[in-house]
Amino acid sequence: MLYQKIVIAGGGIIGNSIAYYLAKEHQTKCTIIDCAGIAPAASGKAGGFLARDWSDSNLLGELQRHSFDLHAEIASDLGEDEVDYRRL
(Lines give C-alpha, C1' and ligand atoms only; values in the text may rest on other atoms or scores of the structure.)
Protein backbone atom coordinates (compact mmCIF):
# COMPACT_ATOMS: atom_id res chain seq x y z
CA MET A 1 0.00 0.00 0.00
CA LEU A 2 1.41 3.40 -0.98
CA TYR A 3 0.68 6.31 1.34
CA GLN A 4 0.73 9.75 -0.19
CA LYS A 5 0.70 11.87 2.98
CA ILE A 6 2.31 10.89 6.26
CA VAL A 7 2.59 13.14 9.27
CA ILE A 8 4.82 12.01 12.13
CA ALA A 9 4.16 13.46 15.56
CA GLY A 10 7.44 13.79 17.41
CA GLY A 11 10.79 15.06 16.20
CA GLY A 12 13.03 12.90 18.37
CA ILE A 13 15.12 9.92 17.34
CA ILE A 14 12.12 7.65 16.76
CA GLY A 15 10.13 10.13 14.66
CA ASN A 16 13.19 11.04 12.61
CA SER A 17 14.11 7.38 12.15
CA ILE A 18 10.62 6.55 10.90
CA ALA A 19 10.75 9.42 8.40
CA TYR A 20 14.27 8.47 7.26
CA TYR A 21 13.41 4.83 6.58
CA LEU A 22 10.06 5.62 4.93
CA ALA A 23 11.91 7.93 2.56
CA LYS A 24 14.82 5.57 1.98
CA GLU A 25 12.95 2.27 1.62
CA HIS A 26 9.59 3.45 0.23
CA GLN A 27 10.31 6.85 -1.37
CA THR A 28 7.62 8.30 0.87
CA LYS A 29 7.68 11.94 1.86
CA CYS A 30 6.85 12.71 5.48
CA THR A 31 6.18 15.78 7.53
CA ILE A 32 7.58 15.74 11.06
CA ILE A 33 5.85 17.94 13.62
CA ASP A 34 6.99 18.66 17.15
CA CYS A 35 5.92 21.63 19.22
CA ALA A 36 9.49 22.14 20.43
CA GLY A 37 11.30 21.54 17.11
CA ILE A 38 13.39 18.76 15.62
CA ALA A 39 15.49 16.82 18.14
CA PRO A 40 14.70 19.30 20.92
CA ALA A 41 15.24 17.08 23.94
CA ALA A 42 17.50 14.13 24.69
CA SER A 43 17.76 13.06 21.02
CA GLY A 44 19.35 16.36 20.08
CA LYS A 45 21.63 16.62 23.09
CA ALA A 46 23.27 13.21 22.84
CA GLY A 47 26.09 14.01 20.43
CA GLY A 48 27.98 11.33 22.23
CA PHE A 49 30.91 9.18 21.42
CA LEU A 50 30.55 5.70 19.95
CA ALA A 51 33.09 2.92 20.06
CA ARG A 52 32.58 -0.25 18.07
CA ASP A 53 34.24 -2.62 20.51
CA TRP A 54 33.39 -1.45 24.04
CA SER A 55 30.82 -4.20 24.60
CA ASP A 56 32.40 -7.11 22.75
CA SER A 57 32.41 -9.30 25.83
CA ASN A 58 28.77 -8.90 26.85
CA LEU A 59 25.31 -9.50 25.42
CA LEU A 60 25.08 -6.02 23.90
CA GLY A 61 28.19 -6.45 21.72
CA GLU A 62 26.36 -7.38 18.51
CA LEU A 63 23.80 -4.59 18.95
CA GLN A 64 26.55 -2.04 19.65
CA ARG A 65 28.56 -3.05 16.56
CA HIS A 66 25.44 -2.87 14.38
CA SER A 67 24.58 0.57 15.82
CA PHE A 68 28.11 1.83 15.21
CA ASP A 69 28.05 0.64 11.59
CA LEU A 70 24.58 2.09 11.08
CA HIS A 71 25.78 5.57 12.09
CA ALA A 72 28.42 5.45 9.36
CA GLU A 73 25.89 4.19 6.79
CA ILE A 74 23.35 6.91 7.57
CA ALA A 75 26.07 9.60 7.50
CA SER A 76 27.15 8.34 4.09
CA ASP A 77 23.55 8.40 2.82
CA LEU A 78 22.98 11.96 4.07
CA GLY A 79 26.42 13.30 3.23
CA GLU A 80 29.10 13.18 5.91
CA ASP A 81 29.89 16.88 5.55
CA GLU A 82 26.20 17.82 5.81
CA VAL A 83 25.73 16.02 9.12
CA ASP A 84 29.22 16.69 10.48
CA TYR A 85 29.97 13.00 10.90
CA ARG A 86 33.50 12.25 12.01
CA ARG A 87 34.68 8.74 12.70
CA LEU A 88 37.32 8.88 15.41
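Which residues does Gln 64 touch, not counting residues up to four places away in sequence? Ala 51, Arg 52, Trp 54 and Ser 55. A touch here is a contact, meaning heavy atoms within 4.5 Å.

A word on the model. This is a predicted model, where local features need pLDDT of at least 70 and side-chain atom pairs count only at pLDDT 80 or more, while totals for chains, interfaces and linings use all residues. Residues are numbered from 1 along each chain as its sequence is written, and side-chain values use heavy atoms, with hydrogens and water left out.

Back to Gln 64. Gln 64 sits in helix α3, residues 61-78. Helices and strands are DSSP runs, numbered from the N terminus: H or I with at least four residues for a helix, E with at least two for a strand. Gln 64 counts as buried because its relative accessibility is 19%. The cut-offs: buried is under 20% relative accessible area, exposed is over 50%, and partly exposed lies in between, with a 1.4 Å probe and protein chains only.

Now the whole of α3. Its buried residues include Gly 61, Gln 64, Phe 68 and Ala 75. They cover an arc of only 80° around the axis, so they lie on the same side of α3. That arc is taken from the directions from the helix axis to the C-beta atoms. An α-helix has 3.6 residues a turn, so residues three or four places apart point the same way. On the other side of α3, Glu 62, Leu 63 and His 66 are exposed. The cover over the buried residues of α3 includes α4, 80-83.

Does the length agree or disagree with the expected span? It agrees: 18 residues at 1.5 Å a residue should span 26 Å, and the end C-alpha atoms of α3 are 26 Å apart. The expected span is 1.5 Å times one less than the number of residues. After α3 comes Gly 79, with a positive phi near 100°.

Next, the strands. In β1, residues 6-9, the side chains alternate. Ile 6 and Ile 8 point to one face and are buried; Val 7 and Ala 9 point to the other and are not. β1 pairs with β2, residues 30-33, in the parallel sense, over 4 bridges. Pairing requires at least two DSSP bridges between the strands. Ile 8 has Ile 32 of β2 as its bridge partner.

Last, the loop between α1 and β2, where Gln 27 is found. Gln 27 has a positive phi, near 50°, and is not a glycine. Most residues other than glycine have a negative phi. Gln 27 counts as exposed, because its relative accessibility is 63%.
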